[in-house]
Amino acid sequence: KRSTSSVPSALPTEPMDLSDIVFTANEAPHALASLLQSQHLMGLVVIQDGKVRFEHYAPDHAKDIQWVTFSVTKSVTSLLIGAAIQDGYIESADDPIVKYLPRLEGSEYGQSRIRDILQMASGIAWNEDYEDPASDVAIAGALNGVALTDYLYGKPRVAAPGTRFNYNTAESNLVGEVLRAAIGMNAGPYLSQKIWQPMGMAFDANWLLSSPYGRETGGCCISATLRDYARLGLFALADGVLPDGTRVLPEGWIAASTSPSQGYEGYGYKWWLYGEDRYGARGVFGQAIFIDPAAKLVVAAHSNGQVASGSDHNRELDAALIALSDYFRGL
């Protein structure tokens, strides 16, 4: 559990009517108003220029209800790697993984850097098919600690480090292992100290452990309220500088994190890239934190999509995020 600040950071409200913003998804026109009526959208908050411009919750949802992030957590783990570099626990994203996890010495991971696993481009074989009970993700997607590194130790290399994108939840858990080894403590308290409390989060959050009294799952499952999702976006938008002016992330870390990688131009350091410097954190079933620096925009969404990925709802949400970005850029 992450303790909140004694005084939540202010989010002044200056509402705007955004319901008529239109977008095209699933080969049909939509308006934001129709998306809000979807049973799959649980909550949406739009913060522009530091002000809440729009906020919506489904009838059975509310401001104080935590909602699981799924893979949005990957982007949070990436933020914590940046914090560990700023604090001097990690020298560089170019450090080899085995510098912090020597138990992987002798495996193919000996050639892979922290940067490579942040970019999902280690070059190591991995099957992320959620519907295949024999896939790597089904067997080892939630492993941490020695069980994780033992499983990954024998995986073969299929590409040079940094050259091929392959979505891999275990390597986000591996990023968590690197983080904990470097900072000498669990990730949850570090998140609380570096971001959650000083950003003035309004509510506690929970982070899934791999087992009772185990380790945080670096690739998944922080549960937080919608506005606190958005505050994470505001932290990234500010380049990792807290409201009191304290720099938590190295200068330029967000720029590096959101630069296209060699393996896939649509992915950075565990951030999805939408073009024109727009980026976001995404989780299955439609969880989202979307950031557009040019528009000073952060949009956060809680969703209950039809399927994990590739759903009509996800496509509608993606199109709505871009439409909101375009709207505010045009003002």
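Trainee: Why is Asn173 called buried?
Mentor: In this predicted model, Asn173 has a relative accessible area of 0%, and since the word buried is applied to anything under 20%, the residue meets that cut-off and is therefore called buried. Asn173 sits in helix H6, which spans residues 169-183.

Trainee: What makes Gly141 a polar contact of Asn173?
Mentor: A polar atom of the Asn173 side chain lies 2.8 Å from the backbone oxygen of Gly141, and because the limit for such a pair of N or O atoms is 3.5 Å, the distance falls within it. Gly141 also appears among the residues that Asn173 contacts once neighbours within four places in sequence are set aside, a list that includes Ala142, Leu143, Asn144, Arg180 and Thr217 as well.

Trainee: Why is Asp228 called buried?
Mentor: The relative accessibility of Asp228 is 0%, which is to be set against the cut-off of under 20%, so Asp228 counts as buried. Asp228 belongs to helix H8, and, with neighbours within four places left aside, it is in contact with Trp196, Met201, Ala202 and Phe203.

Trainee: Why is Asp239 called buried?
Mentor: Asp239 has a relative accessible area of 19%, and because buried means under 20%, that value still earns Asp239 the word buried. Asp239 lies in the loop between helix H8 (226-237) and helix H9 (253-257).

Trainee: Why, then, is Phe70 called partly exposed?
Mentor: For Phe70 the relative accessible area is 22%, and since partly exposed covers what lies between the 20% limit for buried and the 50% limit for exposed, Phe70 is placed in that class. Phe70 is part of the loop between strand E5 (67-68) and H2.

Trainee: What makes the phi of Phe70 worth remarking on?
Mentor: Most residues other than glycine have a negative phi. Phe70, which is not a glycine, has a positive phi near 50°, and Asp239, likewise no glycine, has a positive phi of about 60°.

Trainee: How do you know which class of burial suits Ile291?
Mentor: The relative accessible area of Ile291 is 0%, and because the cut-off for buried is under 20%, the conclusion is that Ile291 is buried. Ile291 is in strand E10, residues 287-292, and, apart from residues up to four places away in sequence, it touches Gly233, Ala236, Leu237 and Trp271, among others. Between the C-alpha atoms of Ile291 and Ala230 there are 9.4 Å, with 61 residues separating the two along the chain.

Trainee: What makes Ile81 stand out in the largest nonpolar core?
Mentor: That core has 72 residues, and Ile81 is one of the five that touch the most other members, together with Ile90, Leu174, Ile195 and Trp253. Helix H2 (residues 72-86) supplies the largest share of this core, with eight residues. Beyond its neighbours within four places, Ile81 contacts Ile90, Ile114, Leu118, Val175, Leu179 and Trp253. A separate second core has 24 residues, including Leu18, Val46, Phe290 and Leu321.

Trainee: What kinds of residue make up the lining of the largest pocket?
Mentor: The lining divides into six nonpolar, six polar and three charged residues. Of the 15 lining residues, Trp272, Arg282, Val284, Ser309 and Asn314 lie nearest the centre of the pocket, whose space amounts to about 350 Å³. Strand E8 (272-275), strand E9 (278-283) and helix H10 (312-329) each give two or more residues to this lining, and H10 gives the most, with three.

Terms used:
Residues are numbered from 1 along each chain as its sequence is written. This is a predicted model: local features need pLDDT of at least 70, side-chain atom pairs count only at pLDDT 80 or more; totals for chains, interfaces and linings use all residues. Side-chain values use heavy atoms; hydrogens and water are left out. On a 1 Å grid over the protein atoms alone, a cavity is a set of points where a 1.4 Å probe fits but cannot get out, and a pocket is an open set with protein on both sides within 12 Å along at least five of seven lines; lining residues have an atom within 4 Å of a point. Grid points are joined across faces, edges and corners, and a volume is the space filled by probe spheres set on the points. Helices (H or I, at least four residues) and strands (E, at least two) are DSSP runs, numbered from the N terminus. Ala, Val, Leu, Ile, Met, Phe, Trp, Tyr, Cys and Pro count as nonpolar, Asp, Glu, Lys and Arg as charged, and the others, Gly among them, as polar. A nonpolar core is a set of buried Ala, Val, Leu, Ile, Met, Phe, Trp, Tyr and Cys residues joined through side-chain atoms within 4.5 Å. Buried means under 20% relative accessible area, exposed over 50%, partly exposed in between (1.4 Å probe, protein chains only). Contact means heavy atoms within 4.5 Å. A polar contact is a pair of N or O atoms within 3.5 Å; within protein, one must be able to donate a hydrogen and the other to accept it, and residues adjacent in sequence count only if both atoms are side-chain atoms.
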